[in-house]
Amino acid sequence: MISRPSNSAREGILHRYRDRLPVTDATPMFYLGEGETPLVLSRRLAERVGCERLYFKLEMCNPTGSFKDRGMVVAVAKAVEEGAKAVLCASTGNTSASAAAYAAHCGLDAFVLVPRGNIARGKLAQAVAHGARVLAIQGNFDAALEIAREISGRHPVAMVNSINPNRIQGQKTAAFEIVDALGDAPDLLFIPVGNAGNITAYWRGFVEYYQAEIAARKPRMMGWQAAGAAPIVRGEPVENPETVASAIRIGNPAGWKGALAASNESGGAIDAVTDDEIMAAYHLLAQEEGIFAEPASAACVAGLLKAGPSLELAEKTVVCIITGHGLKDPETALADQAEMTEVPAELDAVERAMALT
Ligand code: AN7
């Protein structure tokens, strides 16, 4: 393997999509494994919803286990280019894991503000492992974001939440990859919505490829919030958002307008699914497809199961965005089955426990 200086990476989205990103000759080019995520054809859920061409875009396969890495590589590259020494974000978990990793890769300090008690353990472990300064805010994500915005206005730290336009730029590359893989845009795209940056980014990517005539059509954008944290569906901020899907436990999304534009311009919808529907989809994904996603990601699959029958999907191409890895939240996975079946280390006892005798 030939070693290269890190500022000349010839892989990754900074390099591959440089013509469509705010990359200049002064932008440091690096690569941590982001992008080129698998587009997997569904087997059993496809049958359930009556759609032969149902795909899962496995954004959980990005280096820190979520889609955030696509936006973070661009946001951190631009921060380095502009001379920043530190990055800052508020996060329900995945943004903080990603910011911490890319900051470590580039030798920057990372400050992350997370809602105390409402972040999955795996995500916290990532931020800690990468050496970020983690502050558990005694409030929810919306309060943490407000404070992060204020601090970034007063101090020389680069704000890397999705209100940073470089994040949206990077995340739109997932839409490019879907078009490149399928030969055109899908008919429908199902995606979870929290702070609403990602749905905004995908829509931008699909519109860009359509305008460049790389895609002949644009998908209907179907965004899904959790019922207890569904400000866009209700049309007003939710003061105390609650959901099992802690990643999208957000009551006043920064990308609200972008999400509405994506939904309206595409003839799509923003709708809500209950925690029970999310958990049912979470188990189905894991047990019928072999895809271990985190609850927030399952929200869009819950949406597909809910809305599918009225959408006549038989002849349609549908993509669900699997935004984050299930391993990030082991507590939710084990919640229903904390106790293992204990068996003596004896052949016949194990056979009996397996119901083989
Ligand atoms: C797995 O990490 O907001 O609508 O601070 O982690 O772009 O916010 C995470 C959001 C979906 C929603 N799926 O995306 C954060 C954060 C997963 C997520 C979303 C998030 P946006």
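**Exercise 1. A lysine in helix H3**

Task: In this predicted model, determine in which helix Lys-78 lies, whether Lys-78 is buried or exposed, and which residues Lys-78 is in contact with.

Solution. Step 1: Lys-78 belongs to helix H3. Step 2: the relative accessible area of Lys-78 is 9%; residues under 20% count as buried, so Lys-78 is buried. Step 3: the side chain of Lys-78 has a polar contact with the side chain of Glu-81, at 3.1 Å. Step 4: with neighbours within four places in sequence set aside, the contacts of Lys-78 are Pro-22, Thr-24, Thr-27 and Asn-166.

**Exercise 2. Helix H9 and the nonpolar cores**

Task: State how far helix H9 reaches from its first C-alpha to its last, how many of its residues are buried, and which residues Phe-206 touches.

Solution. Step 1: H9 covers residues 197-211, which is 15 residues, and its first and last C-alpha atoms are 21 Å apart, close to the 21 Å expected at 1.5 Å a residue. Step 2: because 12 of these 15 residues are buried, H9 is largely enclosed by the rest of the structure. The buried residues include Ile-199, Tyr-202, Trp-203 and Phe-206.

Step 3: the largest nonpolar core has 57 residues, and the members that touch the most others are Leu-189, Ile-199, Tyr-202, Phe-206 and Met-221. Helix H3 (residues 68-81) supplies the largest share of this core, 7 residues. A second, separate core has 38 residues, among them Val-49, Met-60, Trp-224 and Leu-284.

Step 4: not counting residues up to four places away in sequence, Phe-206 touches Ala-175, Ile-178, Val-179, Ala-185, Pro-186, Leu-189, Lys-218, Pro-219 and Met-221. Of these, Leu-189 and Met-221 were also named in Step 3.

**Exercise 3. Positive phi outside glycine**

Task: For Glu-213 and Glu-312, give phi, then the loop in which each residue lies, and decide whether each is buried or exposed.

Solution. Step 1: Glu-213, although not a glycine, has a positive phi of about 60 degrees. Glu-213 comes just after H9, in the loop between H9 and strand E8 (220-226). Step 2: the relative accessible area of Glu-213 is 71%; the cut-off for exposed is over 50%, so Glu-213 is exposed.

Step 3: Glu-312 also has a positive phi in a residue other than glycine, here near 45 degrees. Its loop lies between helix H13 (295-307) and E10. Step 4: with a relative accessible area of 66%, Glu-312 is exposed.

**Exercise 4. Strand pairing**

Task: Establish how strand E2 pairs with E1 and with E10, and give the order of strands in the open sheet of 4 strands.

Solution. Step 1: E2 (residues 53-58) is mostly covered, with 5 of its 6 residues buried. Step 2: E1 (residues 39-41) and E2 run antiparallel and are joined by 3 bridges; Val-40 has Phe-56 of E2 as its bridge partner. Step 3: E2 and E10 (residues 317-322) run parallel and are joined by 6 bridges; here Leu-54 is partnered by Val-318 of E10.

Step 4: the open sheet of 4 strands is ordered E5-E4-E3-E6, with parallel pairing. E5 (133-137) and E6 (158-159) are the edge strands, because each pairs on one side only. Step 5: E3 (residues 86-90) is joined to E6 by 2 bridges in parallel, and Leu-88 has Met-159 of E6 as its bridge partner.

**Exercise 5. Pro-192 and the ligand surroundings**

Task: Describe where Pro-192 lies, what Pro-192 is in contact with, and which residues come nearest to the ligand.

Solution. Step 1: Pro-192 lies in strand E7 (residues 188-192) and, at 8% relative accessibility, counts as buried. Step 2: the C-alpha atoms of Pro-192 and Gln-225 are 6.1 Å apart, while the two residues are 33 residues apart along the chain. Step 3: beyond neighbours within four places in sequence, Pro-192 is in contact with Trp-224, Ala-296, Ser-297, Ala-299, Cys-300, Ile-321 and Thr-323.

Step 4: the ligand has 23 residues around it, of which Asn-94, Thr-95, Asn-195, Ala-196 and Thr-323 come nearest. Step 5: a polar backbone atom of Asn-195 is 2.7 Å from an oxygen atom of the ligand, and a backbone N or O atom of Ala-196 is 2.7 Å from an oxygen atom of the ligand. For Thr-323, a polar side-chain atom lies 2.7 Å from a nitrogen atom of the ligand. Thr-323 is thus listed both among the contacts of Pro-192 and among the residues nearest to the ligand.

Methods
Residues numbered from 1 in each chain as written. Predicted model: local features only at pLDDT ≥ 70, side-chain atom pairs only at ≥ 80, totals over all residues. Heavy atoms only, no water. Expected span 1.5 Å × (residues − 1). Buried < 20%, exposed > 50% of the residue type's maximum accessible area, 1.4 Å probe, protein only. Core = buried A, V, L, I, M, F, W, Y, C linked by side-chain atoms within 4.5 Å. Contact = heavy atoms within 4.5 Å. Near = heavy atom within 4 Å. Polar contact = N/O pair within 3.5 Å; in protein donor to acceptor, adjacent residues only side chain to side chain.
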